[in-house]
Amino acid sequence: MAARWAARCLRGGRERRREWRRAGRGGALGVRFMSTPTVSRLTSDEVILMRNELFNKEKERQLSLYPRIEKIEVKYTGKSHPGTVFVMNKALSTPYNCAMHLSEWHCKKSVLALVDGEVWDMYKPLTKSCEIQFLTFKDEDPEEVNKAYWRSCAMIMACVLKRAFKDEYSVNLIKSPEVPVISGAFCYDVILDNRLNDWTPTNVSTITSCLESCRACILVQWFFFNEGEGSVSFFLFVGYKMEMIERKASQNAEGIVTLHRFGDFVDVSEGPHIPRTSFCFQYEITAAHNLQTKQSELIRRFQGVSLPVHLKAYHIVWDKLLERSKRLVSFSGEVQLTKYKDML
Amino acid sequence: MRLSVVAAISHGRMYRPLGLGPRSRLDLLRNLVTALVRHERIEAPWARADEMRGYAERLIEYAKLGDTNERAMRMANFWLTEKDLIHKLFKVLAPRFQPHPGSYTRLLQIPNRDSLDRAKMAVIELKGNPYPPLIRPQRNTEKTLLNQLLKGYREDMQRAATPEAPKGTLV
């Protein structure tokens, strides 16, 4: 596993260096001042590589903020081991490390962590002494966990959609609407290439088969902060994504935006995600509907349904849920999307 | 007629012949009652626990009369072989059960004993004991992901099944 990751990094590094030479003088500094016309000349693969490189660099930069290891005390307030206190490293240890100290059961079952009353990803580093609790799928009130699971499945679907179409057709991801679980399907709004306006997918499950190629290389979902709006443009998000990032940055007191990555795919979303994609057991992309909006572009809503390993369903029940998820999920409170500048 | 068969049938007899004889049976039950008052939760063969249950509850009813009562004191003296428990009975258990009208004990069956006799065992406990509860209340799994999806499915089916009333008919 480690070898596979190393190989990818090396390959990415070599290709990136070739890319910079092609782009001309400036190298890493030039990225800060890259204007949008140059961006559109890059293919989606190169964009993905650049994004990953920037993600890694930002991660290293954040790690280097704490050169000396400082210890923090994390109190466990759950029911299983009352009164436990973990001595963890500041900005290095994650709730997953705390669970590792307790038991394998805790590692496998916990989906999110409740740190000082706030919902955290399992792999998000802890920054100060706090109280921690683990949330699972089978709690008394798994609402947050369900929402996070739906969000993660939507993000996986977005990744799959990006890869499913051939390189010459552009796929623009808009956003994943926060749908309640009871509606039966998670969705992602996408604008496909103009040439695909008349195309309707005859068999949407073929897109799901692309999932396998994505899934094979994914180990863990990472996340991290990104300070300030200026640096986010590094990631070459355009259009709706930029609006979402700006909105989130303005909502947050310090202008921090959280990005999540899994495998190659980097995305911004409303809240925390599940720790590993191996949590999804049954996963199916079921339908694609055309949304009726006032804009000129055709927005499509791709829908899917999924169940985690902890809550497997019998195949008959699963078929019924699939049938239901094919119906269009619409709900009140959809944010009106403003027109975006250019496509990527 | 085989007398052994007649002797074995015991239809309608409300008497359990525990121990070696009537006195032995009372001693047995007395030991169990003492243990129950001391430990507030004991494991015993089901027949003995069931037999002892009535005696224990009546003892507590006597204790509720108060320790100045001569009959209550004589009962407690007979039934509790360890005399420090008489104080516990009158000072701790009687006030605990004062608001309740009856049923101060709980009898629950447990798996058969591991030894050769495979006897039917039970746990008898006084209510309000400080130990963790024997029966855990079942978790409410209504809000798990799968149950929420199925609930949505069920509601959709119900909405599809009930015919929609045409709008504008009701005034």
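Start with chain A as a whole and its contacts: of those between residues with a separation of 6 or more, 71% join residues 24 or more positions apart. The model is predicted. Colour chain A by secondary structure and you will find 11 helices and 12 strands. Of its 344 residues, 49% count as buried. Switch on the surface of chain A: about 17600 Å² is exposed, and carbon and sulfur atoms supply 53% of that area.

Next, select residues 71–76 of chain A, which form strand β1, and show the side chains. Which of them are buried? A:Ile72, A:Val74 and A:Tyr76 are buried and point to one face. A:Lys71, A:Glu73 and A:Lys75 point to the other face and are not buried.

Keep β1(A) on screen and add residues 85–89 of chain A, strand β2. The two strands pair in the antiparallel sense over 5 bridges. To find the register, pick A:Lys75, which stands opposite A:Val85 of β2(A). Now add residues 130–135 of chain A, strand β5, which pairs with β1(A) in the parallel sense over 3 bridges. A:Lys75 serves as a marker here too, with A:Glu131 as its bridge partner in β5(A).

Stay in chain A and move to residues 315–325, helix α11. Its buried residues are A:Trp318, A:Leu321, A:Leu322, A:Arg324 and A:Ser325. Look down the axis of α11(A): these buried residues fall within an arc of 165 degrees, so they line one face of the helix. The background is that an α-helix has 3.6 residues a turn, so residues three or four places apart point the same way.

What covers this face? Among the elements over the buried residues of α11(A) are β11 (280–291) and β12 (299–308) of chain A, along with α6 (145–161) of chain B. Select these ranges together with α11(A) to see the cover from both chains.

Now go to chain B and display its open sheet of 3 strands, which run in the order β1-β3-β2 with antiparallel pairing. The edge strands are β1 (41–45) and β2 (105–110) of chain B, each pairing on one side only. From one strand to the next the twist averages 25 degrees.

Zoom in on β2(B) and residues 121–126, strand β3 of chain B: they pair in the antiparallel sense over 6 bridges. One pair to label is B:Thr105 with its bridge partner in β3(B), B:Leu126.

Finally, add residues 22–39 of chain B, helix α2, which packs on the sheet and touches β1, β2 and β3 of chain B. The direction of α2(B) makes about 150 degrees with that of β1(B).

Note on methods
Residues numbered from 1 in each chain as written. Chains lettered and ligands numbered in written order. Predicted model: local features only at pLDDT ≥ 70, side-chain atom pairs only at ≥ 80, totals over all residues. Heavy atoms only, no water. Buried < 20%, exposed > 50% of the residue type's maximum accessible area, 1.4 Å probe, protein only. Helix = DSSP H or I, 4+ residues; strand = E, 2+ residues; numbered from the N terminus. Pairing = 2+ DSSP bridges. Axes fitted to C-alpha atoms, helices over the stretch in contact; angles between N-to-C directions. Contact = heavy atoms within 4.5 Å. Areas by Shrake-Rupley, 256 points an atom, 1.4 Å probe, with all protein chains shown as cover. Arc of directions from axis to C-beta.
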